[in-house]
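Here is a short briefing to read alongside the model. Keep the structure open and follow the topics in turn.

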There are 2 protein chains.
Amino acid sequence: MTKKPRTKYLVGVDVGGSKTMAGVFTRQLKLVNALKISTKAHRGADEVIQRIVDCIRDTVDGAGLKLSDIESIGVGTPGVVEPRSGTVVLAPNLHWKNVKLRSRLARALRRPIIIENDSKAAMIGIHEVELRGKPRHAVGIFLGTGIGGALVLNGALYGGCAGVAGEVGHMVLSVGGPTCGCGKHGCFEVFASRTGMVSRLQDAVKKGEHTILEDLLVQERRERGALRSGSLRRAVRSGDALAKRVVHQAAEYTGIAIADLIHMLSPEIVVLGGGVIGALEREMMPTIRRTARAHSLLRFVHEPTIMASRLGDHAGITGAAALARDHRR
Amino acid sequence: MTKKPRTKYLVGVDVGGSKTMAGVFTRQLKLVNALKISTKAHRGADEVIQRIVDCIRDTVDGAGLKLSDIESIGVGTPGVVEPRSGTVVLAPNLHWKNVKLRSRLARALRRPIIIENDSKAAMIGIHEVELRGKPRHAVGIFLGTGIGGALVLNGALYGGCAGVAGEVGHMVLSVGGPTCGCGKHGCFEVFASRTGMVSRLQDAVKKGEHTILEDLLVQERRERGALRSGSLRRAVRSGDALAKRVVHQAAEYTGIAIADLIHMLSPEIVVLGGGVIGALEREMMPTIRRTARAHSLLRFVHEPTIMASRLGDHAGITGAAALARDHRR
């Protein structure tokens, strides 16, 4: 008598600068169980990797499963990722450089591991589950602490020759504009990321303008991330003029960046995600759509859909699980 | 006794706002004979199409061949082209709107006709002949009267969902910058096309600056195209400070645009062409390369080659012939 093989499951992990999330999925990408922990990036790669391992073990355990029930594990991390070598080449948010994440996780968990950039993983989650794999050509833009992006071209994730394509955050929209964390000037990220909006608020306050967010701006200087996107939303909704102007400008620059991407890639759909969109969708999307439309020269040929993802912070774990499922070993 | 089938040839045509060129090629894309005429765009589509037909007939005749020796004919035109329907949807340089070029040429010449956007045709010429089809991912940027672009992704011309991808000239590099012919502000084209550089010179002269090009600037206002790229080169080489500054700025903005495209698409190679590069390669390429490098964040992962095409104005006819050869009927 042969044993009936047990149904296999997948794990998707999204490692972020502040939070790490793991989820157990069926092969049909239905979420079975998820767990979120704080990443503790400042404690260094060894401890962060141990925390990822524990988070995966606990999530699998919480689903009533064992690691042997897991077919493979996909992990999205911020920064420059080389999926083929399994290395996180550079991830400033994690203070990582050349971390061999795949082999270290494989050693600890004894399951096949697939790693990918977090925006690319999130885009795959959105494309496969939310968009049901339909668009042949799609652009993903993730407004968060920074700005990430990912491209699905001809039905597949596009990485280009070095696997790093889709880096939309450092498109220069304003030559000679405000300084970006990357050292360049006037990058998209300078205007429309959370960090960028905080800097724009700080610049205005230095010039004598006022906002109800002043205490949080002081706190942000000591503790990065103190002024969250939700605080921006509350300020806008309470009528704070400076916050309104900065968020409006972020939406306008996002619309201009989207028009540039439409000219470049002629996608069927542009999908937005990330914490900023999660918090400020209602405030930003009408301006984003209107500005993108006004700046799109070829809208008489084709006008792509511009939408906010509904997957929220589940996009990353879902996409990481999809990548784990589809990976050819 | 069976007749030995005669070797077949291809024709490639490049229709421009001022000149139209046709070439007869072997299936190995060796040029047999070429002919250049003036387009006379102002005389309207009927006469331009008749001139294209005559130019093709004369080129074939000049090669000692008959139309029946021609397997198929590829035609590149400026503007928005729908290869599938064979329509030039919009070509401001030709004053064309919804011109059914393919069926009209097919009726006159009784050969299979393939039409494509001129930058895409030129990129195929460069990719197939100059680069021997090697790069999997390549970006082409053509600085001329305007700025055109084309992408080869995963080894093939990339058009996106509407076939219009690669429109790099209207990337916004300077929000709120000088007005572009398209109605937007601060497009790449405003700084680095011939038209854009002429406008920058005119703006400076209005503000009281001087240049040896002043007479040509006056003439350009009456007759578009009077100030050619070669005149810019002569002014730069004779030490004209204003011309030097405008050409230097054009090169800098081109470098910034290239860095944006590298971040977006991670190509192996970025190739530059068009009349401006043809005339000003020596003046512009060092600044273009240096600026692109300085603005590329991921150059430690991979640094694409940035080069000027050697095909010059043969790129378009060569690529059009290649498209004609490879078209699946």
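Across the interface of chain A and chain B in this predicted model, 22 residue pairs are in polar contact, with both residues at pLDDT 80 or more. Salt bridges are another matter: the rule finds zero of them across that interface. The two chains bury about 3,600 Å² between them, and 72% of that lies on carbon and sulfur atoms.

**The interface between the chains**

- Chain A brings 42 residues to the contact, and chain B brings 42 residues as well.
- On the chain A side, the residues that lose the most area to chain B are Y158(A), C161(A) and M264(A), and together they make up 18% of what that side buries.
- If you would like to find the chain A side by its secondary structure, look for β6 (87-91), β10 (147-153) and α8 (241-265) of chain A, the elements that give two or more residues to it.
- Of these, helix α8(A) gives the most, with seven residues.
- Sorted by character, the chain A residues that touch chain B comprise 26 nonpolar, twelve polar and four charged.

**Salt bridges**

- While the interface has zero salt bridges, the structure holds 24 over all chains.
- One to look at joins the side chains of E281(A) and R310(A), with an N to O distance of 2.6 Å.
- E281(A) sits in helix α9 (residues 275-295) of chain A, and R310(A) sits in the loop between β13 (305-308) and α10 (314-326) of that chain, so this pair ties together parts that are 29 residues apart in sequence.

**The five-stranded sheet of chain B**

- Chain B has an open sheet of five strands, which run in the order β11-β10-β9-β12-β13 with mixed pairing.
- Which strands stand at the edges? They are β11 (156-158) and β13 (305-308) of chain B; each has a single partner strand, so one side of each is left without a neighbour in the sheet.
- Ignoring direction, neighbouring strands of this sheet are turned by 25° against each other on average.
- Helix α9 (residues 275-295) of chain B packs on the sheet, where it touches β9 (138-143), β12 (269-273) and β13 of chain B.
- The direction of α9(B) makes about 160° with that of β13(B).
- At the β11 end of the order, strand β10 (residues 147-153) of chain B pairs with β11(B) in the antiparallel sense over three bridges.
- To trace this pairing by residue, start at V152(B), whose bridge partner in β11(B) is L157(B).

**The three-stranded sheet of chain B**

- Another open sheet of chain B has three strands in the order β5-β6-β7, with antiparallel pairing.
- Its edges are formed by β5 (80-82) and β7 (96-99) of chain B, and because each has a single partner strand, one side of each is left without a neighbour in the sheet.
- From one strand to the next, the twist averages 15°.
- Three bridges link strand β6 (residues 87-91) of chain B to β7(B), in the antiparallel sense.
- A handy residue to follow here is L90(B), whose bridge partner in β7(B) is K97(B).

Technical notes:
Residues are numbered from 1 along each chain as its sequence is written. Chains are lettered from A and ligands numbered from 1 in the order in which they are written. This is a predicted model: local features need pLDDT of at least 70, side-chain atom pairs count only at pLDDT 80 or more; totals for chains, interfaces and linings use all residues. Side-chain values use heavy atoms; hydrogens and water are left out. Two strands pair if DSSP finds at least two bridges between them. Helices (H or I, at least four residues) and strands (E, at least two) are DSSP runs, numbered from the N terminus. Axes are lines fitted to C-alpha atoms, for helices over the stretch in contact, and angles run from 0 to 180 degrees between N-to-C directions. Contact means heavy atoms within 4.5 Å. Buried area is the accessible area (1.4 Å probe) that two parts lose on being put together, summed over both. A salt bridge is a side-chain nitrogen of Lys or Arg within 4 Å of a carboxyl oxygen of Asp or Glu. A polar contact is a pair of N or O atoms within 3.5 Å; within protein, one must be able to donate a hydrogen and the other to accept it, and residues adjacent in sequence count only if both atoms are side-chain atoms. Ala, Val, Leu, Ile, Met, Phe, Trp, Tyr, Cys and Pro count as nonpolar, Asp, Glu, Lys and Arg as charged, and the others, Gly among them, as polar.
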